[in-house]
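The report below concerns the structure shown here, read from its sheet outwards to its helices and to selected residues.

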Amino acid sequence: MLAETLKQRAFKAEKIRKEAEFLAGKIDGLNVKIYTKASEKGTIFGSVTNIAVAQALKEQHDIDIDRKKIIIKEDHIKELGNYTAVVNLHKDFNKVTLNLEVLAEE
């Protein structure tokens with residue numbers, strides 16, 4: 001019974017790793033545009049967080065990533081411009097980079 005349980009765990013872990021590897025290939029270097037309310041000086045009303053990045057990724061590219069796996073280097077974005085975020089999909093391989101373009105809503 002123990003051998004069967006270990007076999008099932010290994011199969012499930014391998015399946016999760018392959019799915020993460022597939023997603024990494026789709027996400028790496030991807031450009032995501034985030035539209036937000038901003039002043040004329042380029043300051044955002046509020047901030048852009050990993051929640052907004054996850055929503056934009058889902059809406060624009062139909063890729064569903066848990067927000068906790070998205071790391072914005074600045075922690076949260078307060079101004080319009082270009083930024084990068086890191087997505088940590090699986091512990092077995094490197095993190096992938098996501099390009100963010102924060103734009104003002106019209």
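The sections that follow treat the sheet, the two helices and three individual residues.

## Basis and sheet architecture

The model described here is predicted. Its open sheet contains four strands in the order 1-6-5-3, and the pairing is mixed. The edge positions are taken by strand 1 (30-36) and strand 3 (70-72); each has a single partner strand, so one side of each lacks a neighbour in the sheet. On average, and with direction ignored, neighbouring strands of this sheet are turned by 35° against each other.

## Strand pairing

Strand 1 and strand 6 (residues 96-104) run parallel and are joined by seven bridges. Within this pairing, Leu30 has Leu98 of strand 6 as its bridge partner, and Thr36 is matched with Ala104 of strand 6.

The pairing of strand 5 with strand 6 is antiparallel and also comprises seven bridges. Here Ala85 has Leu98 of strand 6 as its bridge partner. Leu98 thus appears as a bridge partner both of Leu30 and of Ala85. Strand 3 and strand 5 are likewise antiparallel, with three bridges between them; Ile70 is bridged to Val87 in strand 5.

## Faces of strand 1

In a regular strand, side chains alternate between the two faces of the sheet. Strand 1 presents a covered face made up of Leu30, Val32, Ile34 and Thr36, while Asn31, Lys33 and Tyr35 form the uncovered one. Both helix 1 and helix 2 lie across this strand.

## Helix 1

Helix 1 (residues 2-27) lies across strand 1, strand 5 (81-87) and strand 6, and runs at about 45° to strand 6. The helix has 26 residues, and the distance from its first C-alpha to its last is 37 Å, close to the 38 Å expected at 1.5 Å a residue.

The buried residues of helix 1 are Ala20, Ala24 and Ile27. Their cover includes strand 1, strand 5 and strand 6. After the helix comes Gly29, which has a positive phi near 80°.

## Helix 2

Helix 2 lies across strand 1, strand 3 and strand 6, and its direction makes an angle of about 115° with strand 1. Its twelve residues reach 16 Å from the first C-alpha to the last, close to the 16 Å expected at 1.5 Å a residue.

Asn50, Val53, Ala54, Ala56 and Leu57 are buried in helix 2. These residues cover an arc of only 165° around the axis, which places them on the same side of helix 2. The buried residues of this helix pack against strand 1, strand 2 (43-48), strand 3 and strand 6. Just after helix 2, Asp62 adopts a positive phi of about 55°.

## Asn50 in helix 2

Asn50 belongs to helix 2 (residues 50-61). Asn50 has a relative accessible area of 19%, and the limit for a buried residue is under 20%; Asn50 is therefore classed as buried.

A polar atom of the Asn50 side chain lies 2.9 Å from the backbone oxygen of Arg67. Residues up to four places away in sequence aside, Asn50 touches Arg67, Lys68, Ile70 and Ile72. Of these, Ile70 is the residue bridged to Val87 in strand 5.

## Leu100 and Thr36

Leu100 lies in strand 6 and is buried, with a relative accessible area of 2%. Beyond its neighbours within four places in sequence, Leu100 is in contact with Val32, Ile34, Val53, Ile77, Gly81, Asn82, Tyr83, Thr84 and Ala85. Among these contacts, Val32 and Ile34 belong to the covered face of strand 1, and Val53 is one of the buried residues of helix 2. The C-alpha atoms of Leu100 and Thr84 are separated by 5.5 Å, although the two residues are 16 residues apart along the chain.

Thr36 lies in strand 1 and, at 12% relative accessibility, counts as buried. With its neighbours within four places in sequence left aside, Thr36 is in contact with Ile44, Val48, Leu80, Val102, Leu103, Ala104 and Glu105. One of these, Ala104, is also the bridge partner of Thr36 in strand 6.

How values were computed:
Residues numbered from 1 in each chain as written. Predicted model: local features only at pLDDT ≥ 70, side-chain atom pairs only at ≥ 80, totals over all residues. Heavy atoms only, no water. Helix = DSSP H or I, 4+ residues; strand = E, 2+ residues; numbered from the N terminus. Buried < 20%, exposed > 50% of the residue type's maximum accessible area, 1.4 Å probe, protein only. Polar contact = N/O pair within 3.5 Å; in protein donor to acceptor, adjacent residues only side chain to side chain. Contact = heavy atoms within 4.5 Å. Pairing = 2+ DSSP bridges. Axes fitted to C-alpha atoms, helices over the stretch in contact; angles between N-to-C directions. Expected span 1.5 Å × (residues − 1). Arc of directions from axis to C-beta.
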